[in-house]
Structure formats: structure tokens, C-alpha cells
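This report describes how strands are arranged in a protein chain. Look at the sequence and the structure below before reading on.

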Amino acid sequence: MDVEYTGRQTTITKKLKLQTEEGVTAITKIVGTSGSVHVILSKDKYRLIAEVTVQTKHHKLVARCEATEMEVALHDALAKIEQQAIRHKKKFGTIKRHPKSDVKGGTAEVVAPAARKTTALKVATKTSVGRKAVPMLVHSFPSHSPLSEPHVVRSTDGVALRPMSLEEAVKEAAFRDRDVFVFRNHGGQAMVLYRKRDGKMELIEVP
């Protein structure tokens, strides 16, 4: 990595550069050699500050430490950068993948439900040794699906409780919102009103 130094009210000695290079070497073993390092060493009254920034392809690591000696501040900053690099590598560096199942020259078996009929067929598959017949189960479904029993609900809402005329029956069917309405006329004759798809009412006389 390329290392850039900036000194603010302090002198960057050869000893500090060697210390930085040793720390950067340890960091590059974790994040790689692609990237850049910027080291800023500054003095603020009685405080000595070391700030290290490592810019890699995927992320940026920054650490700032203070001490009474510049070597100590630089050591702590480089140590923090190394810890950050380790955390980033653990978090983003490795992604566990589930291995894909690989069947070579084996027998593939498909389990079918008991209610379905199955027919065993042999299918030739290409393996590393050549062609080999592999038994497989192929489903065959019944040609006719079983009919479910009709659900019958009893209701008296579609039956008139008293004799009425045809006009009264039509109004009553519309009021009850019934498509089929059964009633008796005043002569005792049973009749059925049926609403067709076009909306018209059809009268059926029950013999």
C-alpha cells in the first residue's frame, strides 16, 4: 500500500515511519495490498495525536488516538485499524455456501404419495463412465377426478308462508332478493318464480 504522511507542528522521524510500515504490513495481510494509507501526526499543546486512515477497495478504516508520546499514539491507532480490519473480514470476507448435492452414477428415487399411482421406468443418464440405466418413478394421474358431494343447505326464506297473488309473489321475491321463490296462489296451486340470467322472472306451475 502507498503510505502518505502529514505532520502538523511535529516532525515525522524515520523511527515513526518504520513503526508505521510494520503496522501497515500487518494490516495488508488482512485487507490485501490494494489501497492507500494516510498517517497524520499532530501536536496540540500537550497532546500528541496520531490519526491513521486506510482506504481499501471495499471500505474505509479510520482510527485516532492520543497519548503523551507520539510512538504510543501511533501504535494504538495502528492497533485499532488492525482490529477493524479483522472485524470487517469476519463480517464480509467469508460467505458460507451450502454444498450442492452431487449424485454420480447413483440411483435417484422419487417418493410419491400413496393415493397416486406410480409406474417405474428406466431412464438412461449420462455419467462419467458412460450411459447407465437409472430407475425412476413417474406419476400417472387418474383420468377422472372424483366428484365431491354437493353441499346442501336448508332454507325457508324462499318459500311464502301464506297464499298470495302473482304480483305479490314477484314483489316478495325481489324484497327477499331470491332467485327462486315458491308460493301458493289463492286457489292453493303451488307455483315457482325463477329469475333467469337476463333478469326476467319465469313462472313455473307445479302440477
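Four strands form an open sheet in the order β1-β2-β3-β4, and their pairing is mixed. The model is predicted, so local features need pLDDT of at least 70 and side-chain atom pairs count only at pLDDT 80 or more, while totals for chains, interfaces and linings use all residues. Residues are numbered from 1 along each chain as its sequence is written, and side-chain values use heavy atoms, with hydrogens and water left out.

Strands (E, at least two residues) and helices (H or I, at least four residues) are DSSP runs, numbered from the N terminus. Two strands pair if DSSP finds at least two bridges between them. In general, strands of a sheet pair through backbone hydrogen bonds, either parallel or antiparallel.

**The four-stranded sheet**

The edge strands are β1 (2–8) and β4 (60–67), each of which pairs on one side only. From one strand to the next, the twist averages 10°. Helix α1 (residues 14–31) packs on this sheet and touches β1 and β2 (36–44), where contact means heavy atoms within 4.5 Å. The direction of α1 makes about 140° with that of β1. Axes here are lines fitted to C-alpha atoms, for helices over the stretch in contact, and angles run from 0 to 180 degrees between N-to-C directions.

Bridges join several pairs of strands, including those in this table.

| Pair | Bridges | Sense |
|---|---|---|
| β2 and β3 | nine bridges | antiparallel |
| β3 and β4 | eight bridges | antiparallel |
| β7 and β8 | five bridges | antiparallel |

Between β2 and β3, Val37 has Val54 as its bridge partner. The hairpin of these strands has two residues between them, and Lys45 takes a positive phi near 55° there. Strand β3 covers residues 47–55, and a hairpin of four residues joins β3 to β4. Gln55 is the bridge partner of Lys60 in β4, and Thr53 stands opposite Val62.

**The β7 and β8 hairpin**

In a regular strand the side chains alternate between the two faces of the sheet. Along β7 (residues 180–184), Phe181 and Phe183 point to one face and are buried (under 20% relative accessible area, 1.4 Å probe, protein chains only). Val180, Val182 and Arg184 point to the other face and are not buried. Phe181 stands opposite Leu193 in β8, a strand of residues 190–195. Five residues lie between the two strands of this hairpin, and Gly188 takes a positive phi near 90°.

Technical notes:
Buried means under 20% relative accessible area, exposed over 50%, partly exposed in between (1.4 Å probe, protein chains only).
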